[in-house]
Amino acid sequence: MRWLTGWSGSPGTGNPALAEVRPLAGTALWTGPNPLWAVGDWRPDEIRLATLRPGAPATVRTGPQPEDPADPDSPATLRLAVVGHCGASDAEIAAGLAAARGGAVRHLTSWPGSYTVVLRAGVRSTVLLTDLAGLQQVFHTPWCGGTAYATAALPLADLVAAPLDPEHLAAVLAVPEAAEVLGTGTPYAGVHRVPAGHTLGIRSGRPYTAGYEPETGGGRWTRDEAPAVRELTRALLEAVRCRVRTAAPAGPGSPPERPRLGVDLSYGTASATVALLAAAVPIGPAAAAAAPRAAAAAVRSGAVKGSWARGPAPQDGTAAPETLAAVTLGESERPALAVDAPRLRHVVLPPALPYAELAEPPAEAPAGPLTDEPGPALLAAGAVGSRFRAGGTDHLTGYGARHVLDGHPARLADLIRLGRPRELLAPVAALAGADRATAGALTGAVRTPVTVLRAAHRLARAGYADALDDLAVSLTLRQVPEPGPTAGAGSAAALAWAVPGPAARWLSDHALASVAQRLRIAARGGAPTELPGARRARLALHRHAAGYRTLVQAAEQHGQRLHAPFLDNQVVRAARLLPDEVRLQPGARHALLHAVLTGAGRTDLPADWGRGPRPDRAAPARRGLRLAADGLAELFERPLLGEAGLIDPAAVRESLGRAAAPDADLPPGTLAGLADLIAAELWLRRVAARRHGSCWTGLPPAERRALASPA
């Protein structure tokens, strides 16, 4: 796991012993009373440091190089750290630092890539920026009269000996997308999360947060479809280009057979689009190593055409385009997606099942990496690890496309609130057609238009406070509905300000009462200014990005980088320009990605590209649950979740027993809920096994319980 950490407010002033506190294996990016460290296997080009002093131009250096002898703590000195994969040139970073003198910071988030920005002004002020999707997170906690911050929560919990917060875990399981309940909390008491799209400012040791992204009004400022698709094409192609052109060769810790670049073809049209865009970037390993960042950034000229030449590269002194390892699970999707390009070398792997590590009865603490927080990605880490091992040192994926491009069903209510009810007819008719195609002439499919329209009008009229109170009552009465079997029923169920999570039905009465109380308190606060659909879509994206972050921490190989271009700031911003009525159509994502590839120069794709029948994504989870039945039974014999009073262990064991039956056909909602519970239990056991460890040196040893009892 890679992370940044530091503090502001001179916490060691009153206690000289704290001057020796530093993260284990940390590399200082700047020193002084408000230091900053990088911890983990960062590449040198992933650390960009800029300094601006009065009367001198800004200087930019790559890697954690020693500071120059000038005074780094002058009140007028500005320092900027851009850490992660950033496609900006040195000149752009220098200009961005100069522009930040006036207090504006949004432009620091507009470069291609996925990265964290830390801005320090003298010795009194530090500012950190999160991203819009919630992938590059920032955490903070009070410490010794100042504020400590990090891009991971676990190190801060180690620093202040924070116990786990059972009430937060209950909220995550009960209402995982309800920001009103989760707030800024984390699984660790006293460690706070900065919301996505916000800055963490620390002035004289005191933290504050502020948003840097102007509200779009949930549909009021969308463009027409054609210019919005062009902007999406430009942003996505730029995101892929900057990664392909700066990909690093395999390091000393990488397997010798690992290629430099890889793409993941396991998730349909999104990953196929990334693969085809990557294959169109005409650069080889020698050229990538020699090309300066200024030249790499110069390609951002607004042009979107790729290079789809099927012959050798031009003989102009650059290296021939290298091969990309295109990793596929099975052969079923390749013909339908037509992901053919001269540079793609297909690597077909046998499908792997989730829960594989639990197929045998586990030990007291099942082995595996300890991530910042629990998530279903822990159960898939072993299954996807084989894909990542076969992929490149820089491995591009399609994660995030569905949440970035698709229109959340709750946006139907936004159209009503905006006075555009006639625009509901096309997406609702398409939903009904999709239900008829999958469910035939079932009653639910026939009634889809009425069901969805009623739900949309109900949400458009619903008050925010009343909706939270109603959800609190539903949780107290244990009324957690199962998602319907059709797309229309699922859309109707999602048309609400907030909905219970799939694991809520197994929580204890005490846990549900605690979450209901949080909902009632939130209902007494002010209503959000966002439209309900825009808010639900944003929070769903944040949850998905947090899940991908957990997957990266659990499954990324040493020396490898996993990339999700769809979660880049500029891609998220471009997608927000798309008209809601376009995004709400079933199959809209496939049509949009087809248009992106056409705009990038790939004009030979069939009109129905990506619209073929999809495999049952829940089938591997069903098989994995059955194969891991014995291990899961032992895992929940005496669960830590039960000892903390969070779940009803008997009900969970009964559901796991039904899931292990040979003829069990559990619906996706039940599968998702069980996955949330199993991942939380697995994570708690790993935390309990590590309760005496620490990420820091120089701290006195402290006893810390693995899980605090709920009040």
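In what order do the 7 strands of the open sheet run? Keep that in mind as you open the viewer, and remember that this is a predicted model.

**The whole chain**

Start zoomed out. The chain holds 27 helices and 20 strands. Of its 711 residues, 54% are buried. Look at the contacts with a separation of 6 or more: 78% of them are between residues 24 or more positions apart.

**Stop 1: the open sheet**

Now for the opening question: select the strands in the order E6-E5-E7-E8-E9-E13-E14, and you'll see an open sheet with antiparallel pairing. Click on E6 (59-62) and E14 (206-211), which stand at the edges; each has a single partner strand, so one side of each has no neighbour in the sheet. On average, neighbouring strands here are turned by 15 degrees against each other, direction ignored.

Next, bring up helix H1 (residues 90-99), which packs on this sheet. H1 touches E5 (47-52), E6, E7 (78-86) and E8 (113-121), and its direction makes about 45 degrees with that of E5.

Stay with the sheet and select E13 (residues 198-203). E13 and E14 run antiparallel and are joined by 6 bridges. To see one pairing, pick Leu200, whose bridge partner in E14 is Thr209. Between E13 and E14 there's a loop, and Ser204 is found in it. Most residues other than glycine have a negative phi. Ser204 is not a glycine, yet its phi is positive, at about 55 degrees. With 40% relative accessibility, Ser204 counts as partly exposed.

**Stop 2: around helix H2**

Jump to Ala161, in the loop between helix H2 (153-160) and helix H3 (166-174). Here is another residue that has a positive phi of about 55 degrees although it is not a glycine. Ala161 is partly exposed, at 33% relative accessibility.

Now select Ala153, which is found in H2. Is Ala153 buried or exposed? It is buried, with a relative accessible area of 2%. Show what surrounds Ala153: leaving aside neighbours within four places in sequence, it is in contact with Phe139, Tyr188, Val191 and Asp372. Then add Glu373, which is 220 residues from Ala153 in sequence but 8.3 Å from it in space, C-alpha to C-alpha.

**Stop 3: strand E15 and its surroundings**

Select strand E15 (residues 261-264). In a regular strand the side chains alternate between the two faces of the sheet. Leu261 and Val263 point one way from E15, Gly262 and Asp264 point the other way, and all are buried. Add strand E18 (residues 394-396), which pairs with E15 in the parallel sense over 3 bridges. In E18, Asp394 stands opposite Leu261.

From Asp264, follow the side chain to that of Arg387: the two make a polar contact at 2.9 Å. Arg387 lies in helix H10 (residues 377-390). What is the relative accessible area of Arg387? It is 2%, and that makes Arg387 buried.

**Stop 4: the nonpolar cores**

Time to go inside. The largest nonpolar core has 176 residues, and Leu625 and Ile678 are those with the most contacts inside it. Color helix H27 (residues 668-689) to see where the largest share of this core comes from: 11 residues. Then center on Leu625, whose contacts beyond four places in sequence are Tyr355, Leu632, Leu656, Ala659, Leu666, Leu671, Leu674 and Ile678.

Another core, of 16 residues, lies apart from that one; among its members are Val83, Leu128, Val138 and Leu200. You met Leu200 earlier, opposite Thr209 as its bridge partner.

**Stop 5: two helices to finish**

Select helix H20 (residues 569-576). Of its 8 residues, 7 are buried, so H20 is largely enclosed by the rest of the structure. The buried ones are Asn569, Gln570, Val571, Val572, Arg573, Ala574 and Ala575. Switch on H5 (225-245), H11 (401-405), H19 (532-555) and H21 (580-583), which are included in what covers them.

Last, go to helix H17 (residues 487-494), where Gly488, Ser491, Ala492 and Ala494 are buried. Look down the axis: these residues cover an arc of only 165 degrees, which puts them on the same side of H17. An α-helix has 3.6 residues a turn, so residues three or four places apart point the same way.

Notes
Residues numbered from 1 in each chain as written. Predicted model: local features only at pLDDT ≥ 70, side-chain atom pairs only at ≥ 80, totals over all residues. Heavy atoms only, no water. Buried < 20%, exposed > 50% of the residue type's maximum accessible area, 1.4 Å probe, protein only. Helix = DSSP H or I, 4+ residues; strand = E, 2+ residues; numbered from the N terminus. Arc of directions from axis to C-beta. Pairing = 2+ DSSP bridges. Axes fitted to C-alpha atoms, helices over the stretch in contact; angles between N-to-C directions. Contact = heavy atoms within 4.5 Å. Polar contact = N/O pair within 3.5 Å; in protein donor to acceptor, adjacent residues only side chain to side chain. Core = buried A, V, L, I, M, F, W, Y, C linked by side-chain atoms within 4.5 Å.
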